[in-house]
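Grab a viewer and work through a couple of exercises on a ligand site and some aromatic pairs. Try each one before reading its solution.

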Amino acid sequence: MRAKATVIAPANIAFIKYWGTADWERTLPFNPSLSMTLRECVTRTTVEVLSREENDSVSLMTGEGSLEPAAEAFTRRVVPHLERLREWSGEEVSFRVATENSFPMGAGMASSASGFAALTLAVVAALGKQVSSEEASVLARLSGSGSAARSVEGGYVKWPAGEGNEGEHAVQVATADHWDLRDVVAVLQEQAKDVSSREGHERAPSSPYFEPRQRLLPDRLETVTQAILTRDFAALAHTVEEEAIDLHLIAMSSHPPIFYWRPGTLEVLAAIRRLRQEGAEVCATMDAGANVHMICTPESEAVVAEEIGAISEVSSLIHDGVGRGPMIVDEHLI
Ligand code: DP6
């Protein structure tokens, strides 16, 4: 039997955003970032080891539940990463890859983060290799999806950035059990966003607000880290929303500008501010997309879902929460 492994890896939602790439060769960011690893939004990937004479192949689970060869654009991102992992391992082999997402792809839901974390860990496992979490983080990051560096760990995860070994891989700040936070996602756009994160990273330094944000980040990182360690929701909420707005401020003022928001995004943001004034523990954050991640405490989840779910532009809600990180499983896709 051919060697095979399946990994389920989670998406993550950034509280402090990676926005702007300093080194494309090694996927190194201009700034540190910090995220919450999710539980329900996951990618399951099976990797089978083939002989080198065969070609790498990539298939994707369709909405109808059948595995089909992946679209060319998708394969074009996956195969170079297989190449990289092949080089890293020194093994003369090819790979058959099958993958499935539990959530809409390309709609600001970090499908690349979970996807490349799952792919990386599944290749490593299928080859029978062991890696530390630091090494897994670096390997996942080299895919070009920087946020994948944070998806190899559970709980609350920081990617420090900066030069040297310390900055190159993500580290856990607190476990999932430390603080049970929820993420209710208001889905406003199911189809892929118009401008990729990669494009956004490239344009970010052209915004006049890029530099000012860099100066604010050390304090923000410290505030969010302390808020997590002390479970201080009010402190967390303030900085998380500030960060989300700044990412989009930079996107909108880049050259050329990028507008990820939809009218519904503003409506959801206003409703969240109102809910907070009424006492709910909730704040909003958006990655490079229109969907709004509503970070809240378990006590506030029901009221958030009820109020935001009633907004007509919101097509659906995804209930998620902090998760424990990737797992190797026996249920293979192929
Ligand atoms: C806005 O380059 O990691 O989500 O490859 O599309 O997953 P993908 O994006 P990546 O950039 C992530 C940008 C962000 C902020 C963040 O997750 O830190």
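Below are two exercises, each with a worked solution. The model is predicted, so local features need pLDDT of at least 70, side-chain atom pairs count only at pLDDT 80 or more, and totals for chains, interfaces and linings use all residues. Residues are numbered from 1 along each chain as its sequence is written, and side-chain values use heavy atoms, with hydrogens and water left out.

**Exercise 1.** Work out which residues surround the ligand and how much of the ligand's accessible area the protein covers.

*Solution.*
- Start with the shell, meaning residues with a heavy atom within 4 Å of the ligand: there are 16, and the closest are Tyr18, Ser145, Ser147, Arg150 and His201.
- Next, look for polar contacts (pairs of N or O atoms within 3.5 Å). A ligand oxygen sits 2.8 Å from a side-chain N or O atom of Arg150, and a ligand oxygen is 2.9 Å from a polar backbone atom of Tyr18.
- Finally, check the cover: the protein hides 94% of the 450 Å² that the ligand has accessible on its own (Shrake-Rupley, 1.4 Å probe).

**Exercise 2.** Find the geometry of the Trp19 and Tyr260 aromatic pair, then decide whether these residues are buried or exposed.

*Solution.*
- Count first: the structure has five aromatic pairs (Phe, Tyr or six-membered Trp rings with centres within 6.5 Å; planes under 30 degrees apart are stacked, over 60 edge-to-face, the rest tilted).
- Trp19 and Tyr260 pair edge-to-face, 6.4 Å centre to centre with 75° between the planes.
- Both Trp19 and Tyr260 are buried (under 20% relative accessible area, with exposed over 50% and partly exposed in between; 1.4 Å probe, protein chains only).

Definitions and conventions: Polar contact = N/O pair within 3.5 Å; in protein donor to acceptor, adjacent residues only side chain to side chain.
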